[in-house]
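Welcome! Here is a short guided look at a few helices and one residue. Take a moment with the sequence and the model before reading on.

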Amino acid sequence: MRRTNRLARWLALLVALALLAAACGGSSGDGTDDVATGDSADQSDSSNDAAEADDQASFNDLAAEEQARTGDEDEVLGATEEPDAEEAPEEESEEPADEPDAEPEEDAASEGIQTGGTLVISGPSDIASLDPLGSSSFNTQYRIAPIYQRLIGFATGPDIGYTAQVLKPELATDWQISDDLLSYTFNLRDDVFWHDVEPVNGRQFTSADVKATFDAILAEGHQASLLANITSVDAPDDFTVVLNLSGPFAPLLNNMASHFMWILPSEAFEDGYDRTNTVIGTGPFMLDEREVDVTTTYARNPNYWETDDEGRQLPYMDRIESLVINDTQQVIAAFKAGEIDMVTNTMAPELRDQLMNDFPEAFYGEWVDAGMGQVGVNMDRPPFDDIRVRQAISLAIDREGMGLTIRGGGTIPSNVAPALADYVIPLEERQEYLQYDPEAARALLAEAGYPDGLDATLIATDRYGAAYTAQTEWLVEDLNNAGFNIQLDLIDYATYFGSRWPDTEYDLQFGPQTPFLEPDEWLRLQMSSDGARNWFNIDDPVLDDLLNEQLGIVDVDERIAKIQDIQRYALENVLNPIPVWTYFTQWTLSPEVQDFYRHASYGYAGIQRVWLDEPDG
Amino acid sequence: MTAEITDALVDESNEPEVVVDLTDAAQEPNAPAALGRWARMRRGLRQFRKEHPLGLVAGLVILLFIVTAILAPIVATHDPSATGRQPGQKLASPSFSNFFGTDQLGRDIFSRVVYGSRISLIVATFTVLVSTVLGTLVGAVSGYLGGKVDMILQRIVDAVMSIPVLILALFIVSLLGSSVTNVVLALSIIYIPRFARIARGEMLRIRNAEYVTASRALGAGSWRIIRGHGIPNLVAPIIILASLTYGQAMIAEAALSFLGVGAPITEPSWGQMLSSSREFMTVAWWAVVFPGVALSAGVLAFNLFGDALRDYLDPKLVQ
């Protein structure tokens with residue numbers, strides 16, 4: 001018995017050694033290449049000059065990169081890497097006569113759009129609640145997006161940018177705004193029917209549903225501030241809705257298209273049914289089956305109201321399957337095996353490069369993310385009410401080192417996301433306001449009365465994926481290097497987003513903010529003293545006045561100037577939440593997915609027009 | 001107390017000579033030879049080396065780990081949490097400046113592995129210490145007293161042992177929050193029953209031994225018998241179990257850190273290194289292999305050492 005045991009142990013040891021040897025042998029080429037890099041890059045702390053030079057170089061790269069990705073969005077959207085897969089079929093189908101000599105392969109595509117098939121999507125996480133009023137989580141919004149619709153949506157297409165706010169009628173056909181800007185009238189479609197699900201049973205969509213939804217949002221929705229200044233909602237007839245305002249509210253139309261503005265049937269309110277797990281909409285797909293944290297499947301809505309330009313019934317696809325896979329290696333393996341068509345997981349740059357190498361025919365989309373990572377500071381807890389302490393935090397963060405190392409790219413945000421390219425202050429200004437200077441940070445801390453360091457607890461969650469956790473580790477290291485003594489409290493998502501952050505039970509907080517699509521959301525929601533997402537205890541009367549002033553400015557250029565001034569004021573005088581980094585978001589599509597154009601808003605805008613090449617293949 | 005002694009004397013009074021003989025016999029295992037303590041230890045070590053060379057190697061590896069952990073600041077070549085801020089420092093392969101390469105934040109893996117041994121050894125040491133002491137006590141008391149106490153204690157032990165180790169550890173740590181102390185606490189709760197089981201079995205055997213009966217006849221109380229006869233006889237099996245549990249505790253700590261509920265992520269630990277680098281396995285094998293090898297080597301060393309120790313302390317098993 002004992003001998004057998006020993007033999008087995010020796011064998012195990014041998015196998016382990018063999019594995020190790022195999023692993024070393026496999027990458028020996030890389031190993032030698034990188035040795036040189038390792039030697040030249042001096043890791044000691046003494047090479048500050050070199051580091052500064054590098055910083056400068058990467059700052060310039062950063063600016064160029066950002067311009068490439070936000071400035072010319074057509075290029076990005078039309079597939080920087082693989083333009084053919086996305087654009088060719090569309091062009092062919094629109095103008096088949098102009099291209100008689102098209103190659104046979106493209107000819108096949110020009111035969112037209114194919115219907116049927118299942119689109120399989122992977123994402124990193126899920127959430128229990130599907131209630132659009134109860135949960136602002138991106139997981140909720142993505143899960144319900146194929147089912148619900150809004151009055152107005154964002155248009156998508158080959159010529160429309162990822163963050164462009166091109167409004168397009170959805171459940172409303174058109175709208176009028178009164179001259180005094182105090183009344184918005186929406187005319188609704190009269191050919192829309194709800195999904196044939198109990199208790200709504202496929203009845204017609206009317207203005208009563210819109211009124212019920214807006215009333216409920218104003219009464220209990222987390223998105224109530226998107227309907228600020230609205231005093232009442234009227235439904236004069238079955239297909240007309242009138243919003244009455246107490247004062248002008250410039251962002252209102254954009255807000256109507258927000259991913260939080262889904263219209264629900266009137267039965268959904270007053271305890272008609274449980275909105276957290278019953279989802280009845282007017283959209284192209286109906287909820288079929290759902291197992292939280294595993295999969296959500298959707299079936300084609302046979303009574304969908306929309307047809308394409310040639311009169312064909314939409315949607316083209318039969319089913320959508322949304323899988324939860326958190327493990328990047330598993331996602332990559334499944335994608336390469338053709339089991340996933342659309343990867344919404346963000347991959348580390350090295351892994352993405354490897355995948356692009358292994359699977360070049362796929363579409364690798366990359367866009368400046370519509371959100372940002374930010375450090376929230378609880379201003380109710382001294383000494384964090386001292387601007388010098390907040391400035392010290394900001395100066396301590398090596399944003400570029402963090403972003404380029406962990407994300408492989410991105411940009412420095414302002415208090416408005418860089419994706420809102422018109423509204424955000426220019427990159428040079430952002431760099432100026434948000435510098436990296438740990439020595440200056442130490443000096444400021446000393447000036448604020450903490451020459452020997454300042455203890456603080458930082459809350460974060462690991463729910464946002466490995467890269468965010470790595471960013472958190474980096475942040476803590478940066479703060480500790482600049483005289484802070486940070487205790488990291490890595491908590492579960494429910495505690496983080498459900499209580500500790502909103503109830504301001506923290507010193508410092510780090511994580512991504514919702515990708516708001518309106519500068520008003522970024523600024524007023526977070527920073528006004530009564531803002532719904534002011535989870536930082538910010539109370540600055542000057543800022544409050546500025547934020548209220550911009551609400552009434554309808555002239556676009558004038559409003560842009562005002563929004564930029566607000567950012568300057570906030571970064572100088574409030575500096576909370578402290579903007580950290582905006583990365584490039586990535587979606588990866590298999591070559592079969594056709595006519596999908598991603599938009600920054602949560603969901604899959606234009607999913608009804610997406611089709612699969614060889615849906616049965 | 002007096003009544004108890006009298007009872008015992010009355011019970012055993014018909015065999016007084018035997019009592020004296022057996023009491024001497026009970027002393028025997030504790031006084032094997034007239035040699036000095038050091039001389040005995042040297043002789044034992046020589047014998048161990050001769051009979052169990054593999055065990056000796058394992059012992060040296062363990063020693064190496066302990067020395068590394070204690071002298072971590074001297075052994076490590078870099079600050080284990082210093083991030084690499086320059087291009088090319090991220091996921092750099094092993095080189096002269098970074099023996100084990102760097103991880104996804106450009107941190108030196110060698111230094112992290114060195115510091116990681118601290119958490120691994122601290123958690124394993126305290127877990128084994130706490131569960132050995134408490135487990136042995138519970139088992140000894142349970143075995144000696146028998147009856148209802150034994151029944152109740154053993155059912156509790158059954159209940160704890162029926163839950164899979166990791167699930168129970170996850171549950172306890174999630175309840176208490178993740179920290180090194182709580183990991184030790186959770187693992188101790190899990191490992192106490194196995195020590196209690198072994199201790200109880202031995203105690204049942206010892207309880208009915210004639211020298212214990214004799215001792216009782218001489219008026220020794222329960223506690224004195226457990227302490228004087230029970231525990232010394234338990235030492236060998238408990239030491240063997242402890243050395244085997246040590247390796248398992250290291251794996252359990254790594255597993256908890258891998259799952260994100262072990263040591264805080266700001267402290268380098270092998271399990272957490274494996275977890276965060278797993279994603280990069282296909283592009284940077286070194287980020288996973290080195291912490292993995294350190295963990296495997298540590299666990300293997302403790303297991304081999306435990307085996308050798310068992311054979312050495314309990315030669316009956318060899319046959």
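## The buried face of α15

In this predicted model, helix α15 of chain A spans residues 438-447, and its buried residues are Ala441(A), Arg442(A), Leu444(A) and Leu445(A). Looking down the axis of α15(A), you will find these buried residues within an arc of 165°, so they line one face of the helix.

What lies over them? The cover for the buried residues of α15(A) includes α12 (387-396) and β14 (454-461), both of chain A. If you follow the chain just past α15(A), you reach Gly449(A), which has a positive phi of about 105°.

## Where α18 meets α19

Now move along chain A to helix α18 (residues 519-527) and helix α19 (residues 541-551). Their axes come within 10 Å of each other and cross at roughly 140°. The crossing of α18(A) past α19(A) is left-handed.

Which residues make the contact between these helices? From α18(A) come Asp520(A), Leu523(A), Arg524(A) and Met527(A), while α19(A) brings Leu543(A), Leu547(A) and Leu551(A). Sorted by class, the residues of this contact are 5 nonpolar, no polar and 2 charged.

## α19 and its other partner, α20

Helix α19(A) also pairs with helix α20 of chain A, residues 556-573: the two axes come within 10 Å and cross at roughly 165°. Because of that angle, α19(A) is roughly antiparallel to α20(A). Here too the crossing is described as left-handed, with α19(A) passing α20(A).

On the α19(A) side, the contact uses Leu543(A), Leu546(A), Leu547(A), Glu549(A) and Gln550(A). Facing them from α20(A) are Arg559(A), Lys562(A), Ile563(A), Ile566(A), Tyr569(A) and Ala570(A). The classes in this contact of α19(A) with α20(A) are 7 nonpolar, 1 polar and 3 charged residues. You may recognise Leu543(A) and Leu547(A), which also belong to the contact with α18(A).

## A stop in chain B: Val299

For the last stop, switch to chain B and find Val299(B) in helix α13, residues 286-313. Is Val299(B) partly exposed or buried? It has 19 C-beta neighbours inside 10 Å, and being buried takes 20 or more, so Val299(B) counts as partly exposed.

Leaving aside residues up to four places away in sequence, Val299(B) touches Gly247(B), Met250(B) and Ile251(B). Another residue to locate is Arg278(B), 21 residues from Val299(B) along the chain; the C-alpha atoms of Arg278(B) and Val299(B) are separated by 20 Å.

How values were computed. Residues are numbered from 1 along each chain as its sequence is written. Chains are lettered from A and ligands numbered from 1 in the order in which they are written. This is a predicted model: local features need pLDDT of at least 70, side-chain atom pairs count only at pLDDT 80 or more; totals for chains, interfaces and linings use all residues. Axes are lines fitted to C-alpha atoms, for helices over the stretch in contact, and angles run from 0 to 180 degrees between N-to-C directions. Helices (H or I, at least four residues) and strands (E, at least two) are DSSP runs, numbered from the N terminus. A crossing is left-handed if the near helix is turned anticlockwise from the far one by less than a right angle, and right-handed if clockwise. Two residues are in contact if their C-beta atoms, placed from the backbone, lie within 7 Å. Ala, Val, Leu, Ile, Met, Phe, Trp, Tyr, Cys and Pro count as nonpolar, Asp, Glu, Lys and Arg as charged, and the others, Gly among them, as polar. A residue is buried if 20 or more other C-beta atoms lie within 10 Å of its own, exposed if 12 or fewer, and partly exposed in between; C-beta atoms are placed from the backbone. The arc is that of the directions from the helix axis to the C-beta atoms. Angles under 35 degrees count as roughly parallel, over 145 as roughly antiparallel, 65 to 115 as roughly perpendicular and the rest as oblique.
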